[in-house]
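Trainee: Could you take one helix of this protein and walk me through it slowly, from its length to its surroundings?

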Amino acid sequence: MDTVTRASTGIEAFLRREEEKDLLRFITCGSVDDGKSTLIGRLLYDSKGVYEDQLSAIRKATVNQSAGAMDFALLTDGLRAEREQGITIDVAYRYFSTPRRKFIIADTPGHEQYTRNMATGTSTANLAIVLVDARNGVLAQSRRHAFIASLLGIHHLVVAVNKMDLVGYSEKVFEKICADFLSFAAPLQLSDLYFIPVSALHGDNIVTKSESMPWFGGASLLHHLETVHIASDRNLTEMRFPVQLVLRPTHDFRGFAGQVASGVLRPGDPVMVLPSGRTSRVKSIVTHEGELARAFPPMSVTVCLEDEVDVSRGNMLVPPSQPPHVTRCIDARLVWMGDQPLDLRRQYIIKHSTQWVKAQVRYVRYRVDVNSFQRHPATELKLNEIGTVVIDTHSPIFVDQYRRNRATGSFILVDPICNATVAAGMVTGRDPKLSDPAIQEVQTLDAERISTVDRQKRVGHASVLVWLNGGVQLAFAVESELFKRGYLTHTIAAQSDGSVMLELAQNLTAAGLVTICAADFLYEVEKGRAKALMALGHFIDVDASLFSSPEEAVAKITEILVQRRIVPLHR
């Protein structure tokens, strides 16, 4: 083997090892001057993640005399304003790797007015390092950043008590800060919390264990970053594949390109297309390198289906047994990033997975004080404020609770006029109706409402929802026959939106009618939700393909009604 071949083989082996390494994304946050940028610079320097020309430039640019011969903060503080003021303003990203793992670091600003920048860096992170100045203890901004990290679904939090050299490496100071932080963080539901005393300036406990703090029995910061378990953070059970593009390069190939958001996708797996509800199976998973046996996050692939199914950008492929929530109304937490306050009268655009949907914030449930966690009534959200809202969308979106699935539980709000991102949102999974002021007002008037029994006496029979798969013509035939037999009936013909059909059905059955939904395969995904709307025994599912004639279908529905003692009183 000649020298060139050996070199080529060595490079390929190195690239393969690098590709197989796990990737950890983490952020550093905390109050102003807690040493976030210095800690990252020291971590990069001691782990040999800085090139010689960068070190030479940093030595020349160092103006902070207290930082010593080299100001490590300059490795991430690249803006002129940042270097002049000695603070971080924008989010700075740096990459480095060790033999165990690859890392992407986001150095986020500490000032309160840059909270939206911090939230941006946190949105893709697996772990957050919250720095606390050992001299000052846990400050308001440290609490704010820990709260935002928890809000954005970060499971792993490292509390780095920095500048231990300025308090004589005192164990008592470290223990007091740990106790203060634990008492504050109890409501945050953090599953993995790690405390470590460090001195970023001198490198204590950054890459190697510190000799100045023999009383600390934990691992160094780098060792913890290399070994923290993040594989179980991803949702690999509920497959979600938002379609970005339909590919048809030739007449005999039709594939759907996108990025796997969660779960695992394999050839042969059954899938359902949302919002249509059509089902098929995965024929193949195609990439530039060839077909794959499986695909998982965050792989970008092209999926081919066995059947000719209508799929377009914004649709989503999901398992029929584990679909997301299909809705036009969501309860969500917002981090407001716009310079102008939230305006309930204005229309915004939701960017969710590959969908762009018109939306309007119906009302603000409350605003959160991130220092005390107290909830305050609000009608708007201002820059950097956090609150919970209810949002109506013009067409259905396919969401999961954010804590279960960060990919399909998150979204952004966009101002359609200037195209600026004004908010980052997380779906809570809470029923929006539970806190709707209009519904609460109605509930206070329950004593004045007409009871179900009184309504049934007036109409002459109980309400029923008939889910009829057989076309509109059959539905009207059934409606006519039931009407002749004394039932007060109404048919809902096919709608362009399945959720609209459910809303109409709910209103008509509440009025006491026998409601017939002419639901074909397009609305199969809504059947379970329709059944949940009705009391036990008041939902009838009829598949007309099982009958040879419309008369047989009518006879079967009538038989079921009689069996359930739902008969007109005024025949």
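Mentor: What follows is a close look at helix H11 in this predicted model. Let us begin with length: helix H11 has 13 residues, from 472 to 484, and at 1.5 Å a residue these should span 18 Å, while the C-alpha atoms at its ends are 19 Å apart, which agrees.

Next comes the question of which residues of H11 are buried. Counting a residue as buried when its relative accessible area is under 20%, we find Leu474, Ala475, Val478, Glu479 and Leu482. These buried residues cover an arc of only 140° around the axis, which puts them on the same side of H11. The spacing along the chain helps you to understand such a pattern, because an α-helix has 3.6 residues a turn, so residues three or four places apart point the same way.

Now turn to the other side of H11, where Gln473, Phe483 and Lys484 are exposed, that is, their relative accessible area is over 50%. Notice that this exposed group includes a phenylalanine, Phe483, whereas the buried group includes a glutamate, Glu479, so it is worth reading the burial of each residue from the model itself.

What, then, covers the buried residues of H11? The cover includes three strands, E21 (464-469), E22 (489-492) and E23 (514-518), together with helix H14 (550-563).

Finally, look just past the helix: H11 is followed by glycine 486, and the phi of this glycine is positive, near 105°.

Notes: Residues are numbered from 1 along each chain as its sequence is written. This is a predicted model: local features need pLDDT of at least 70, side-chain atom pairs count only at pLDDT 80 or more; totals for chains, interfaces and linings use all residues. Side-chain values use heavy atoms; hydrogens and water are left out. Helices (H or I, at least four residues) and strands (E, at least two) are DSSP runs, numbered from the N terminus. The expected span of a helix is 1.5 Å times one less than its number of residues. Buried means under 20% relative accessible area, exposed over 50%, partly exposed in between (1.4 Å probe, protein chains only). The arc is that of the directions from the helix axis to the C-beta atoms. Contact means heavy atoms within 4.5 Å.
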